[in-house]
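Colleague: Could you take me through one part of this model in detail, starting from a single pair of residues and working outwards? Keep it relaxed, but be specific.

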Amino acid sequence: MNFDDYRGIWIYIEVKDGQIAPVSLELLGAGRALADKRKTELAGVFIGSGVKALAPTLFQYGADVVYVYDDPIFEHYRTEPYMRALLDCCHKHKPEVILYGATPSGKDLASAIATDLPTGLTADTTILDIEEDTGLLLASRPAFGGNIMATILCKKYRPQMATVRPKVMKALPPDPSRTGRVVEEHIELHEEEMRTKVLQIVRETAKKVRIDEADIVVAGGKGMGSKEGFQLIHQLAEVLGGAVGASRDVVEAGWIDHHHQVGQTGVTVTPKIYFAIGISGAIQHVVGMQNSDLIIAINKDPNAPIFQSCHYGIVGDAFEIVPLLIDRLKEEIPKVKAAADVKEEIRHA
């Protein structure tokens, strides 16, 4: 394998309901830094139906080139046609690196590609870097239950591939003045050859809290003592108008459902304010919230690792501190809202 034949950083662009998935824009931001370091092009790869019109958005977020497979057969994600399209693109243009969002379809496609190309795949990466001279991708992720950070290399094969969890990387501010090159590709595929068919898409009707979209997250850990004690987390979240998060131990204890779990095996969140209450601060939890704008920790153990990852830390008993905080917030929040309403009335006067 001649590494000189492989050039460029590629991002698989996921589209859902006609919109580019946020994780793809985040990966364009990370990919831009890698491409600049290697002095090479950053490309987005679109596979779908009616996706060509979305190409200008990718240029705004950092892409130089967009490869497009636009055909009705790609209307819904299926492993086989998407894999064959991306393999076709790889064989034609030989990328040095391909990054995917660690979403259900992104992980499925990346795994399928890795079984066909002579290369490996690093899953759930949280840190990315690249060696400027060799082009060796440095993909880091928690390992051994989150006790260490492992940097995984693919020294012998190209392209190098990794999936990256949503909310870990930062999208660049869009630049409407940026333009790029659209390369339309085509592969001959026939519906009767496909082994899977999409018969119906059933939207889940159960309403679940989307903690990854919340501006305020109040998360509790085993330090809350019991399911009853954990209700204090719900009370604080309600006063603040925020979402409830939890550590893995809390979910495994059955105090709250899994979709509230923050961390390596849960959800990655980036709220404006993150409360970590009764949470020790193990790395597998920290990787899921470390990019929050403001992190406030409450723990009675002054040596708890969480204090190394927060902006403000309070050493003390949560059952003494949180009720005081709730009472004070109940007094102050209405005043703040009233002042905001007055300011808005003045602005419209």
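Modeller: Let's start with Leu 128, which stands opposite Ala 139 in strand E9. Bear in mind throughout that this is a predicted model. The strands around that pair are E8 and E9 (residues 137–143), which pair in the antiparallel sense over 4 bridges. They belong to an open sheet of 3 strands, ordered E8-E9-E10, with antiparallel pairing. Its edges are E8 (127–130) and E10 (148–152), each pairing on one side only. From one strand to the next, the twist of this sheet averages 25°.

Now bring in helix H1, which packs on this sheet and touches E8 and E9. The direction of H1 makes about 15° with that of E8. H1 covers residues 22–38, and it is a good thread to follow from here. The helix also lies across E1, E4, E6 (97–101) and E11 (160–164), running at about 180° to E1.

Those four strands take us to the other sheet. It is open, has 7 strands in the order E7-E11-E6-E1-E4-E5-E12, and its pairing is parallel. Here the edge strands are E7 (122–125) and E12 (181–185), each with pairing on one side only. The twist in this sheet averages 25° from one strand to the next. If you want to zoom in on one pairing, take E1 (residues 9–13) and E4 (residues 42–48): they run parallel and are joined by 5 bridges. Within that pairing, Ile 9 stands opposite Leu 42 in E4.

Next, the side chains. The largest nonpolar core has 33 residues, and the members that touch the most other members are Leu 28, Phe 46, Leu 58, Leu 99 and Leu 128. So our starting residue turns up again, as Leu 128 is one of those five. Helix H1 gives this core its largest share, 7 residues. For Leu 28, look past the neighbours within four places in sequence: what remains in contact with Leu 28 is Ile 11, Ile 13, Leu 42, Leu 58, Tyr 61 and Ala 63. Leu 42 is the residue we just met opposite Ile 9.

Apart from that core lies another one, of 30 residues, with Val 65, Tyr 82, Ala 112 and Ile 187 among them. Two of these names lead on to a helix pair: Tyr 82 is in H3 and Ala 112 is in H4. The axes of H3 (residues 79–93) and H4 (residues 104–116) come within 10 Å and cross at roughly 55°. That angle is why H3 counts as oblique to H4. As for handedness, H3 passes H4 in a right-handed crossing. On the H3 side of the contact you'll find Thr 79, Tyr 82, Met 83, Leu 86 and Leu 87, which meet Asp 108, Leu 109, Ala 112, Ile 113 and Asp 116 in H4.

Finally, step back to the whole protein. There are 8 helices and 17 strands, and the C-alpha atoms fill a box of roughly 65 × 55 × 40 Å along the principal axes. Of the 349 residues, 48% are buried. Among contacts with a separation of 6 or more, 63% are between residues 24 or more positions apart.

Methods: Residues numbered from 1 in each chain as written. Predicted model: local features only at pLDDT ≥ 70, side-chain atom pairs only at ≥ 80, totals over all residues. Heavy atoms only, no water. Core = buried A, V, L, I, M, F, W, Y, C linked by side-chain atoms within 4.5 Å. Buried < 20%, exposed > 50% of the residue type's maximum accessible area, 1.4 Å probe, protein only. Helix = DSSP H or I, 4+ residues; strand = E, 2+ residues; numbered from the N terminus. Contact = heavy atoms within 4.5 Å. Pairing = 2+ DSSP bridges. Axes fitted to C-alpha atoms, helices over the stretch in contact; angles between N-to-C directions. Parallel < 35°, antiparallel > 145°, perpendicular 65-115°, else oblique. Left-handed = near helix turned anticlockwise from the far one by under 90°.
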